Amino acid sequence: AGAVVIIGAGHAGYQLAASLRQHGFSERIVLLNDEGHLPYQRPPLSKAYLKGTGGPDSLMFRPEKFYFDQKIDLISDRAVSIDRAARKVVLASGASLDYGHLVLATGARNRLLDIPNANLHSVRYLRTLDESQSLRDYITEGQRVVVIGAGFIGLEFAATARAKGLEVDVVELGPRVMARAVTAEISEFFQARHSAAGIRIHLGVQVTSIESDGHKVTGVSLSDGRHMKADLIVVGVGVLPNVELAADAGLPVASGIIVDEHLLTADPNISAIGDCALFASPRFGGSLRLESVQNATDHARCVAARLTGDAKPYDGLPWFWSDQGPDKLQIAGLTTGYDRVVVRGDQAQAAFSAFCYRGGQLVGIESVNRAGDHMFGRRLLAAYGSISPEQAADASFDLKGALT
Ligand code: FAD
């Protein structure tokens, strides 16, 4: 079989290396890491880490000793090309690695703002530990920050910045916050909560230019003609999957590296997992590319099982969370393509769930401060179960009873 070489030591790459050893894989494992830190968790970068005072160690999956003990060769380098015929990966250092199986776990990178002055020092992004650390060190009470994009990362940052005493404006082109990801019920709740915390949200507009005094950002102009003062701009306008290595090696890519239901590319010696992978999903009957810890880690476990002799099509149930100020949003299933939404719980009490249906079938649940509903949804949906909209809306209906 030979060595497994994993390109990228994020959530997917780290989990694959760890799971391979758990499954008894005994050959060489190489984990290529291009970030200059031990493999770490990203979600806290816009949440607890940004808010807190803890050091980078608090983010690491495992201490250095783990990789040594598990005989995982954690190599600080970057893959620059793949020679599929020779089964070799060429590294930035000039070295090369032979593989029996290669796994692309290259993740995604920030989509950059393409307007004048977007390269100024006070225009920031939030994907890596270095970016989070440098933002954390930079922000101080009283600064004016304009957040571009009201997606998960923009809103998590906005809530943290507001809690730290910054003046926060969020500019979003869509008609509501998190419009692509959640139901209107959830958008409206978070819009109201952020507004009540003093965050100003501007919908249906975009930032058309960034003004500077030659060194620093001084403000922004909006598409509706308004100007806003700003000391800092934080951009959260989505990511681009890192597909170039695969494409350059002649592997099919689209809005991600194309893999089948086993997470294999067109080359039987190369898999792709996590944020970079566009995977065929028998569960959902199409191709999906998801950006979540669940997706990255469950993909990794599926490939680890395959490489140790237990191949099964990938069938993970998507789930996700986002912490914004005091509120916890949790999503189970895929809440897209629904035709009916039923609310359970109490929006006014900041504890409710939106049950999403398509053709009478439950497809996903978005919960705000209702961990019980979320866990119920994960278990029910993973088992291809459903409850009726009437049951979902009935506060006296026993969810747990529906699981047996
Ligand atoms: P990544 O974590 O992006 O790792 C890919 C790694 O590969 C990177 O280190 C990259 O530098 C490296 N790499 C790329 N190309 C090469 C190369 N050629 N050679 C070597 N290395 C390479 N998800 C949730 O479910 N819940 C959350 O609350 C949540 N919050 C988030 C908050 C933030 C601020 C961010 C940025 C993401 C958040 N996510 C959250 C998403 C989640 O972190 C990602 O889905 C997850 O990190 C994907 O893992 P991955 O391993 O596929 O990619």
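Q: Which strand and which helix each supply at least two residues of the lining of the largest cavity?
A: This is a predicted model, where local features need pLDDT of at least 70 and side-chain atom pairs 80 or more, while totals for chains, interfaces and linings use all residues. Residues are numbered from 1 along each chain as its sequence is written, and side-chain values use heavy atoms, without hydrogens and water. A cavity is a set of points on a 1 Å grid over the protein atoms alone where a 1.4 Å probe fits but cannot get out, with lining residues having an atom within 4 Å of a point. With helices (DSSP H or I, at least four residues) and strands (E, at least two) numbered from the N terminus, the two suppliers are strand S20 (277-281) and helix H8 (293-307).

Q: Which residues lie closest to the centre of the largest cavity?
A: This cavity holds about 60 Å³ of space, a volume being the space filled by probe spheres set on grid points joined across faces, edges and corners. Of its 13 lining residues, the closest to the centre are Phe 279, Ser 281, Phe 284, Tyr 314 and Gly 316.

Q: Which helix gives the most to the largest nonpolar core?
A: Such a core joins buried (under 20% relative accessible area, 1.4 Å probe, protein chains only) Ala, Val, Leu, Ile, Met, Phe, Trp, Tyr and Cys residues through side-chain atoms within 4.5 Å. The largest one has 53 residues, and Leu 16 and Leu 102 are among those with the most contacts inside it. With 6 residues, the top contributor is helix H1 (residues 11-22).

Technical notes. 1 Å grid on protein atoms, 1.4 Å probe; cavity = no way out; pocket = protein on both sides within 12 Å on 5 of 7 lines; lining within 4 Å. Buried < 20%, exposed > 50% of the residue type's maximum accessible area, 1.4 Å probe, protein only.
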